[in-house]
There are 2 protein chains.
Amino acid sequence: MTPGASFPFMLYSGELRAEAVAEFDLAEYLHHRQEIVNNELERAVLPAYPEQLFDSMRYSLMSGGKRLRPALCIAGCEAGGGTAETALACACALEMLHTATLIHDDLPAMDNDDYRRGRLSNHKVFGEAIALLAGDALLAYSLEFLMLNTRGVPPDRMLRVMQILIQMVGVDGAVGGQVVDLSYEGRDIDLETLEYIHTHKTGALLVAAVVTGAVLAGADEDTITRLRSYAQKLGLAFQIVDDILDVTSTREVLGKTPHKDEQAGKATFPRLLGLDASRRRAAELITDAKRDLAPLGVRAVPLLAIADFVGVRMS
Amino acid sequence: MTPGASFPFMLYSGELRAEAVAEFDLAEYLHHRQEIVNNELERAVLPAYPEQLFDSMRYSLMSGGKRLRPALCIAGCEAGGGTAETALACACALEMLHTATLIHDDLPAMDNDDYRRGRLSNHKVFGEAIALLAGDALLAYSLEFLMLNTRGVPPDRMLRVMQILIQMVGVDGAVGGQVVDLSYEGRDIDLETLEYIHTHKTGALLVAAVVTGAVLAGADEDTITRLRSYAQKLGLAFQIVDDILDVTSTREVLGKTPHKDEQAGKATFPRLLGLDASRRRAAELITDAKRDLAPLGVRAVPLLAIADFVGVRMS
């Protein structure tokens, strides 16, 4: 499969064929998506006045993230019958929103993390004031970029996409999750609250990624519901795996300080359930998530492969 | 004029009549707008989980601001031929956006202000982490509230309104202005940079208020251009007057710590031009702003009165 070529499995609509899954190369798929997203992000935030602010925004945005949310948005759009091109601006907006929350979360008043993606955190390089404002600016700019760079999508569908993004980054999403997370630091916590934190702090933006992709594609409501359910399970599995890696991994592999959760006395799945049960729970969620996609046929192959990939990360 | 009654001057379309101006009671007009906006904001952010976050959002949102931006949005809508009802959700969104920027600006890493609107700043009551997140949450929620509570406005017009708001709060607006403001603290500054700071940090949201009101009303492009020009001049005049009041006023009158700019060595119009020349510049801007509205006739009476009011504040 040539990078940049249109997705060949689109030729066979309908049921999922074993060959399609066998032929699909996730590494290549993700690499290609990462490349077009990085090119677009590079173009999206060019150096401008005030320089410090743009330097700070670019520093965190172009620091080599895996671009998982953009990939999920594009794959969600393809699963809903659309093209990567339709979802590209939204994919970039999701990465900007994600980066904004990371910059704010790393601040001393919050998680106080000096490293992110293997480099110094934004505020360690640019100072707290600029880091805070770069986060605010990315939050606003993500939506502006989305609106100005999405082509061929009717206004009512654009409004629905905006609403999903905005909701998933605010009180019902990342912000709500972070507040509850901070409030339980060093305190006992039950499974329900832990899941609330994870589904909001990390899960919400992953769900937004897949669902906005599907909405941009003009998918029907049944498909959107299936994709949302898939993404909710995937998101939770993803966070459980992140918790597991915090315990078992090193800074080199992780690209950020390991054992932070443990040292901060934070509640995690491994703390609450143990490592083995956490791994089992993640595996179950991944199986269930894949089951949601069954009726979508070959269009869902990338999302199926991404679910498998999350499972592979923890082993 | 009974509070709540529809705007009587709408009966006479066309040229501005002396009686209309003479009959108009700005205090009553603003009081009524403040009341409907406060009622709507009270309903908009009800206590919910996580409580700390909503308490923090409500604390700053309901701390008795003058609601100037909401009033400008509603008056902009009326000047464009629309009703207060059409602009109400957007008026509330503007107050939420404004409040979000105030909460972030007051943080220790930024302007480090302990008082705001005569009460302790948000972070002095709720801590820095919650204050930062309450700002993020209000930023996101303002747009969500706008989308879910505006009635009878077509989607393409809604998208234009969203774009204006988002642009005026980000790098091209409040955030950009704050970055340049911080970067010049204690340094010499020329008039051009000072105006950049003011037109972005404070002016942008005032312009957004008037222009979104006009767009929601479905005003024609000439009217929108005139209203934008009015708002740009009013916004700069407003900030010059704010600078003047920082020098001449007390905490009781101001509702926040006076002489902060002076103590922080900040560039202000009075520092650069002197008090008298600053007053003259503000007065000129107000006159020019009112001139922009001349062809709009009696529909512009509230905006004319608001411009006069800004002038009165400084004397």
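A surface patch is built from residues with over 30% relative accessible area and no salt bridge (a side-chain nitrogen of Lys or Arg within 4 Å of a carboxyl oxygen of Asp or Glu), like charges being joined within 9 Å and nonpolar side chains (Val, Leu, Ile, Met, Phe, Trp, Tyr) within 5 Å.

**View 1. A nonpolar patch on the surface of chain A.** In this predicted model, in which local features need pLDDT of at least 70, side-chain atom pairs count only at pLDDT 80 or more, and totals for chains, interfaces and linings use all residues, side-chain values use heavy atoms, with hydrogens and water left out. Residues are numbered from 1 along each chain as its sequence is written, and chains are lettered from A in the order in which they are written. Leu191(A), Leu272(A) and Leu273(A) make up the patch and together have about 210 Å² of accessible area (Shrake-Rupley method, 1.4 Å probe, only the protein chains shown counting as cover).

**View 2. Leu273(A) in its helix.** Leu273(A) lies in helix α14 of chain A, residues 269–273 (a DSSP run of H or I, at least four residues, numbered from the N terminus). Leu273(A) is classed as partly exposed because its relative accessibility is 33%, the limits being under 20% for buried and over 50% for exposed.

**View 3. The interface of chain B and chain A.** Between them the two chains bury about 3,700 Å², 82% of it on carbon and sulfur atoms (accessible area lost on being put together, 1.4 Å probe, summed over both). Leu133(B), Leu159(B) and Val171(B) supply 15% of the area that chain B buries against chain A, more than any other three residues. Between chain B and chain A the count of salt bridges is 0.

Notes
Helix = DSSP H or I, 4+ residues; strand = E, 2+ residues; numbered from the N terminus. Buried < 20%, exposed > 50% of the residue type's maximum accessible area, 1.4 Å probe, protein only.
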